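Please read the report below alongside the sequence and the model. It starts from a single residue and widens from there to the whole chain.

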Amino acid sequence: MLRNLFLATTAVALLGSAAAPALAQTTIRLVSKDLLTTNPDDVKEIEAIEAGLKAQGTDVDIQIVDMPGSGYADALGVMLLSGDIPDIIYFQGGDQKMAEQGILEDLNPWIENSEHIKDALWPHNVDRLAHYPYLLYIYPPRAPQPVMRSDWLEELGMEPPTTVEEYEALFQAIHDADLDGDGTTGNTLGLTGYGTTAELDSVFNQAFGVTGTWMKNADGQWVNSRVTDAERAKIEFYARLADKGLYDKEFVTNTWDVKEDKFYSGKAGVIFGSSPEVIDIYTGKMRQAHPDEDISLTLLPAPQGPGGQGLAAVDVSKEARGFAISSLSENKETAFKVLDFMASTEGQNIDRMGFEGAQYTKDADGKVTFTDQISTWYARFFNAANWQPPTPLLGDTAQQALDNLKSDFTPDNAFVWPADYAADVDATEQVYRAWVAKFITGEASLDQWDQFVAEYNAAGGERMAEYARSVLE
């Protein structure tokens, strides 16, 4: 009887060894802005990620959670508060509340032991994770930089400006010339923007001596740079440009697409690109708008000034957006493997290059050539600092912008506010933006600067400064 049992057990063991069990599949739910099951490219990329991970021994079913792009942050918050919490969550605001409730995983231990992510981080990513370990956004810092049509700059007979005065002269020259060839002059804006002056600040902050979020006043006390004389001089410059018809007074009501249309149609000479990839997109769209012209864009440098020459200081207190892993997930290890894979060479090849036969082709020697479709392709996950494309992915102007981001990086002294300061942060931001808009459009005079400062401080600015002094000293 024992012999029969032994034979039966052996037979089962041999049967199991003859057919190796399939990998156990893990389901990961992923929610991200503009990642949709209705977008064929999104679905194709997710399938490619699944295949890449499976080849490495991780069988994962990545399920996209559809979320509207418009009002994404609010819709995501409602879903999470209802108790529906995906494994991987892309935040574009609203994350701090979730972190305070313990819903988000501390990513630093995972990154420390990662195979790819720790080598893919940009310097500001490292600082931000040290201060706030819940969001991962592996991208160069968002620091808008100005570009203009190279043929327009050449037609004006001017060099790229290197001082504030030269910038104003360039904007004036654009305004006064008939660069669009419509037979009229004096109707072209020097530059346009949308929403706020944040784009301009990226280039002009240092030139006016606005060196960080917090600066010391004449008494040696930390104050928000927004109430300093340096800030006033900068806003006065913006207002003067607008008063002379050089800066778009409609910037407050412009949307990003209206801003871009004014650039492509020749109504404005200079536009700010929020990233190197966006600058490449501007180049492609400008050529589409003027198919009979061989148009390229010139990157304009940050001007010199009291703060030196370079882009504005980068806030390293926390990521404003990025991917998180739910601390409640039963599959955190697999969820992190997905993110780690996206920082690898294979993951970046998928995420940054798209697909062979669509966004690029390969010849018999394996040389990669990008097609026109690459101009509308965008990474869904990361832009790893250490990734080297097989063929230059960026145009010359965009690559120059990326090089500036690397060479001009300066960490800011901003920090994460405690939750009970949220109302103060919102109120002071609204006061600042409202007054800046009034100064620039001419609704208010710079003679009212002290009134603005008083309102800013009353809205929470003074309370925030008192707290900042306890943190920064």
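## A glycine in the last helix

Leaving aside neighbours within four places in sequence, Gly460 is in contact with Asp424 and Thr428, where contact means heavy atoms within 4.5 Å. Gly460 lies in helix α18, which spans residues 449-472; helices (H or I, at least four residues) and strands (E, at least two) are DSSP runs, numbered from the N terminus. Gly460 is buried, with a relative accessible area of 5%, given that buried means under 20% relative accessible area, exposed over 50% and partly exposed in between, with a 1.4 Å probe and protein chains only. Gly460 and Gly354 are 106 residues apart in sequence and 47 Å apart in space, taken C-alpha to C-alpha.

This is a predicted model, in which local features need pLDDT of at least 70 and side-chain atom pairs count only at pLDDT 80 or more, while totals for chains, interfaces and linings use all residues. Residues are numbered from 1 along each chain as its sequence is written, and side-chain values use heavy atoms, with hydrogens and water left out.

## Helix α15 and its end

Gly354 comes just after α15 and takes a positive phi of about 80°. Within helix α15 (residues 345-353), the buried residues are Gly347, Gln348, Ile350, Asp351, Arg352 and Met353. These buried residues pack against the helices α2 (40-55), α13 (276-289) and α14 (332-342), and also against β13 (360-362) and β14 (368-370).

## Strand β8 and its partners

Strand β8 (residues 268-273) is largely enclosed by the rest of the structure, because 6 of its 6 residues are buried. Two strands count as paired if DSSP finds at least two bridges between them, and the pairings of β8 with β4 and β5 are set out here.

| Partner of β8 | Sense | Bridges | One residue pair |
|---|---|---|---|
| β4 | antiparallel | 4 bridges | Gln145 opposite Gly273 |
| β5 (residues 189-191) | parallel | 2 bridges | Leu189 with Ala268 |

Which strand holds Arg149? Arg149 is found in β4, which covers residues 145-149, and this arginine is buried, with a relative accessible area of 6%. Apart from its neighbours within four places in sequence, Arg149 is in contact with Phe263, Gly269, Met286, His290, Glu293, Ile295, Ser296 and Leu297.

## Nonpolar cores

In soluble globular proteins, nonpolar side chains tend to be buried together. A nonpolar core is here a set of buried Ala, Val, Leu, Ile, Met, Phe, Trp, Tyr and Cys residues joined through side-chain atoms within 4.5 Å. The largest such core has 124 residues, of which Leu76, Phe91, Ile117, Leu136, Ile138, Phe382 and Phe452 touch the most other members. Outside its neighbours within four places in sequence, Ile138 is in contact with Ile117, Ala120, Leu121, Trp122, Asn125, Ala343, Phe382, Asn383 and Ala384. A second, separate core of 8 residues includes Phe415, Trp417, Tyr421 and Ala468.

## The chain as a whole

The protein chain contains 18 helices and 14 strands, and its C-alpha atoms fill a box of roughly 105 × 60 × 35 Å along the principal axes. Of its 473 residues, 49% are buried. Among contacts between residues at least 6 apart in sequence, 73% join residues at least 24 apart. The accessible surface of the chain comes to about 22,100 Å², with 50% belonging to carbon and sulfur atoms, as computed by the Shrake-Rupley method with a 1.4 Å probe.
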